[in-house]
Amino acid sequence: MTSPVTATVRDTPSVPVVVGVLGGGRMGAGIAHAFLLAGACVHVVERDAETAAQARGRVEAALARSAARGTRLPDADALTTSVDTGAFAEADLVVEAVPEDRALKLGALARIEGAVRDDAVVASNTSSISIDALAGAMRRPQRFLGLHFFNPVPASALVEVVTGADTAPEVVTRATRWVEAIGKAAVVVRDAPGFASSRLGVALGLEAIRMLEEGVASAQDIDTAMERGYRHPMGPLRTTDIVGLDVRLGIAEELERAFGARFTPPALLRDLVAQGHLGRKTGRGFYEWSE
């Protein structure tokens, strides 16, 4: 399946000509949006027609917001959505962006590998799962690495490029160049539990939740202390609401398995997730949210 290549793509050789994204939720749509604005043709693949349509809606809404800010938009046919991983056949890069579940990601990566060219780069957007553990089931681990985008993708300035034991140096170089080509800073980190950002960010977030649980201060005051006292752009509890309490819980459990009790999730976090209060996406977490 070959898609038309726009003049913008030819004028920007450091951007992949064709990018695939498996999973069109908030993260996948954000990744698609970033590459589209940089000039790539993007194929988003979802599990069924309904979720594929929802993915297209998310990407198009993000593009509309970019247009309102004066950003030049890609050609209308630069984005396709489907349920068939055959759409990845001509992709230079395919990013797996399914939920943070090891078994789910292993299945997604197997589907991607079955569809791409041998020279394509495959990346996982995992925020905490070991790249080497995911690569262990792959036929071409040298073409695989982590590209950890941050939520929300359009507003974030960083992508972690996570190298596995078998990742080819040339693949790391290409991935770093691609990240920079979409206007984000790249940091290269070795595969380790939680990488750099998640490990540090979750450690701060969990301690903030424990402080709230113990009644040390309100959520707003804890966040203000970090924003005004340490010049963090956003406090740890508000950040957790935006990331998603369920996502933070999953990462904390992964890190607890690796590092022990210092990453044990607080009971308050577990309780809120069990009640369905996941942060901004459900309207309530440590704060009340409204669109």
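The following paragraphs lead through a predicted model, taking its two annotated regions in turn.

An unreviewed UniProt entry supplies the names of these regions. It assigns residues 19-191 to the feature "domain: 3-hydroxyacyl-CoA dehydrogenase NAD binding", and residues 194-289 to "domain: 3-hydroxyacyl-CoA dehydrogenase C-terminal". Over residues 19-191 the chain is 36% helix and 23% strand, and the C-alpha atoms at the two ends lie 24 Å apart. Over residues 194-289 the chain is 61% helix and 0% strand, with its end C-alpha atoms separated by 28 Å.

The strands offer a convenient starting point. Eight of them form an open sheet with mixed pairing, in the order β3-β2-β1-β4-β5-β6-β7-β8. At its edges stand β3 (79-82) and β8 (185-190), each of which pairs on one side only. From one strand to the next, the twist averages 25°. As a general matter, the strands of a sheet pair through backbone hydrogen bonds, in either a parallel or an antiparallel manner.

Strand β4 (residues 93-96) may be considered next. Four bridges join strand β1 (residues 18-22) to β4, and the two strands run parallel; in this pairing Val21 stands opposite Val95 of β4. Another four bridges join β4 to strand β5 (residues 121-124), again in parallel, with Val94 opposite Val122 of β5. The side chains of β4 alternate: Leu93 and Val95 point one way, Val94 and Glu96 point the other way, and all are buried.

Further along the sheet, strand β6 (residues 144-149) runs antiparallel to β7 and is joined to it by four bridges. Here Gly146 stands opposite Val162 of β7. On the way from β6 to β7 the chain passes through a loop that contains Pro152. A cis peptide bond, with omega of about 0°, links Asn151 to Pro152. Most peptide bonds are trans, and most residues other than glycine have a negative phi. The second part of that rule also has exceptions in this model, to be met below.

Strand β7 (residues 158-163) is largely enclosed by the rest of the structure, because five of its six residues are buried. Six bridges join β7 to β8, and these strands run parallel. Within this pairing, Val159 has Ala186 of β8 as its bridge partner. Towards the other edge of the sheet, helix α3 (residues 49-68) lies across β2 (41-45) and β3, running at about 155° to β3.

The chain between β8 and α7 forms a loop that includes Phe195. Phe195 is not a glycine, yet its phi is positive, near 55°. Its relative accessible area is 6%, and Phe195 is therefore buried.

Helix α7 (residues 197-213) packs against helix α11 (residues 267-274) at an angle of about 90°, the two axes being 8 Å apart. This angle makes α7 roughly perpendicular to α11. Leu206, Ile209, Leu212 and Glu213 of α7 meet Ala267, Leu268 and Leu269 of α11 in this contact. By residue type, the contact consists of six nonpolar residues, no polar residues and one charged residue.

Helix α8 (219-229) includes Asp221. Because its relative accessibility is 48%, Asp221 counts as partly exposed. Asp221 and Glu288 are 67 residues apart in sequence, and their C-alpha atoms are 15 Å apart in space.

In the loop between α8 and α9 is Arg231, another residue other than glycine with a positive phi, in this case about 60°. With a relative accessibility of 76%, Arg231 counts as exposed, whereas Phe195 is buried.

Helix α9 (residues 236-243) has Pro236, Leu237, Thr240, Asp241 and Ile242 as its buried residues. These residues pack against three helices, namely α7, α8 and α10 (245-259). After α9 comes Gly244, which has a positive phi near 115°.

Notes:
Residues are numbered from 1 along each chain as its sequence is written. This is a predicted model: local features need pLDDT of at least 70, side-chain atom pairs count only at pLDDT 80 or more; totals for chains, interfaces and linings use all residues. Side-chain values use heavy atoms; hydrogens and water are left out. UniProt positions are given in the numbering used here, feature names are shortened, and annotations may be inferred rather than shown by experiment. Axes are lines fitted to C-alpha atoms, for helices over the stretch in contact, and angles run from 0 to 180 degrees between N-to-C directions. Angles under 35 degrees count as roughly parallel, over 145 as roughly antiparallel, 65 to 115 as roughly perpendicular and the rest as oblique. Contact means heavy atoms within 4.5 Å. Ala, Val, Leu, Ile, Met, Phe, Trp, Tyr, Cys and Pro count as nonpolar, Asp, Glu, Lys and Arg as charged, and the others, Gly among them, as polar. Buried means under 20% relative accessible area, exposed over 50%, partly exposed in between (1.4 Å probe, protein chains only). Two strands pair if DSSP finds at least two bridges between them.
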